[in-house]
Amino acid sequence: MAILEVHNLEVFYGVIKALKGISFEVNQGEIVALIGANGAGKTTTLHTVTGLLKSASGRIVFDGHDITKTRGDKIVTMGMAHVPEGRRVFANLTVLENLKLGAYTRKNKTEIEETLQMIYKRFPRLLERKNQPAGTLSGGEQQMLAMGRALMSHPKLIVLDEPSMGLSPIYVNEIFDIIQEINKTGTTVLLVEQNAKKALSIADRAYVLETGSIALSGKASELLNNDSVKKAYLSE
């Protein structure tokens with residue numbers, strides 16, 4: 001069953017058409033990857049789905065509700081969390097303060113504390129550094145914090161924008177392992193990632209975006225072995 005459905009989405013930046021009527025879906029329990037070159041429309045897609053941008057036309061349905069014109073903060077309360085490109089942690093706040101901000105939509109303090117302990121179990125380094133300013137963390141640790149902050153809202157769907165950007169190979173592998181763990185515990189994942197090889201290696205299905213249109217879609221394992229995808233996105 002689809003938890004997210006996007007129908008004929010069009011988005012403009014001024015007179016420039018950034019998304020040209022794209023349609024895709026994410027089923028409950030899946031990891032779905034959006035891959036493509038810089039400027040293909042991947043981040044624009046995520047920003048529109050999560051309510052940060054408004055579409056010119058089309059429809060977005062999340063968990064059975066039409067959210068096309070819904071504010072971003074309301075979408076969070078409905079069960080969608082966004083981990084933005086560049087991590088966007090609050091550098092001057094502590095790790096713990098950043099995490100608690102992720103739970104701003106929740107009211108039950110006991111449940112919030114339980115989620116916090118789960119985050120610390122999944123990301124032990126965040127526990128070790130809970131009283132440090134977030135700006136003092138390494139890039140990989142900040143990415144873990146951004147993911148942990150999103151998980152504090154207890155989302156049904158987590159949307160990840162370029163989680164491996166700027167990270168060392170060791171951290172890249174660790175982040176992708178964590179994405180798989182998050183998914184295995186019941187959270188659906190929509191992943192935008194320039195490291196197409198890594199994204200396709202963990203995804204169930206994928207869509208290839210080219211200049212605002214979906215050029216290819218299918219099982220991730222099949223796209224991983226597709227000659228045109230290999231040539232465009234998987235060359236070493």
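**Exercise 1. Find the residue with a positive phi in the hairpin of E9 and E10, then work out how E9 is paired and whether it is buried or exposed.**

*Solution.*
Step 1: Start at the turn. Thr211 takes a positive phi near 40° in the hairpin of E9 and E10, where two residues sit between the strands. Keep in mind that this is a predicted model.

Step 2: Look at the E10 side. E9 and strand E10 (residues 213-219) run antiparallel and are joined by six bridges. For a concrete pair, pick Tyr207, which stands opposite Ser217 in E10.

Step 3: Now the other partner. Strand E3 (residues 31-35) runs parallel to E9, with four bridges between them. Here Val32 stands opposite Arg205 in E9.

Step 4: Check burial. Five of the six residues of E9 (residues 205-210) are buried, so the strand is largely enclosed by the rest of the structure.

**Exercise 2. Which strands pair with E1, and in which direction does each run?**

*Solution.*
Step 1: Take E2. Strand E1 (residues 2-13) and strand E2 (residues 16-27) run antiparallel, joined by nine bridges. One pair to click on is Val11, which stands opposite Leu19 in E2.

Step 2: Follow the chain through the turn. E1 and E2 make a hairpin with two residues between them, and Gly14 in that turn has a positive phi of about 65°.

Step 3: Turn to E4. Strand E4 (residues 57-62) is antiparallel to E1 too, through five bridges. Glu10 has Ser57 as its bridge partner in E4.

**Exercise 3. Is Leu4 buried or exposed, and what does it touch?**

*Solution.*
Step 1: Place the residue. Leu4 belongs to strand E1.

Step 2: Apply the cut-off. Buried means under 20% relative accessible area. Leu4 comes out at 0%, so it's buried.

Step 3: List the neighbours, leaving out residues up to four places away in sequence. Leu4 touches Phe24, Glu25, Val26, Val49, Ile60, Val61, Phe62, Met80, Leu157 and Leu190.

Step 4: Add a distance. Leu4 and Glu193 are 189 residues apart in sequence, and their C-alpha atoms are 18 Å apart in space.

**Exercise 4. Which backbone oxygens lie 3.1 Å from a polar atom of the side chain of Asn183?**

*Solution.*
Step 1: Locate the side chain. Asn183 is in helix H7 (residues 169-184). Its relative accessible area is 14%, so Asn183 counts as buried.

Step 2: Search for oxygens. The backbone oxygen of Gly29 is 3.1 Å from a polar side-chain atom of Asn183. The backbone oxygen of Thr187 also lies 3.1 Å from a polar atom of that side chain.

Step 3: Widen the search to contacts, again skipping residues up to four places away in sequence. Asn183 touches Gly29, Glu30, Ile31, Thr188 and Val189.

**Exercise 5. How many cavities of 30 Å³ or more does the structure hold, and which residues line the largest cavity?**

*Solution.*
Step 1: Count. There's one cavity of 30 Å³ or more.

Step 2: Size it. The largest cavity has about 30 Å³ of space.

Step 3: Name the lining. Thr48, Val49, Gly51, Leu53, Lys54, Ile60, Ile67, Thr68, Thr70 and Ile75 line the largest cavity. Val49 and Ile60, both in this lining, are also among the residues that Leu4 touches.

Step 4: Sort by class. The lining splits into five nonpolar, four polar and one charged residues.

Key: Residues numbered from 1 in each chain as written. Predicted model: local features only at pLDDT ≥ 70, side-chain atom pairs only at ≥ 80, totals over all residues. Heavy atoms only, no water. 1 Å grid on protein atoms, 1.4 Å probe; cavity = no way out; pocket = protein on both sides within 12 Å on 5 of 7 lines; lining within 4 Å. Points joined across faces, edges and corners; volume = space filled by probe spheres on them. Nonpolar A, V, L, I, M, F, W, Y, C, P; charged D, E, K, R; others polar. Buried < 20%, exposed > 50% of the residue type's maximum accessible area, 1.4 Å probe, protein only. Pairing = 2+ DSSP bridges. Polar contact = N/O pair within 3.5 Å; in protein donor to acceptor, adjacent residues only side chain to side chain. Contact = heavy atoms within 4.5 Å.
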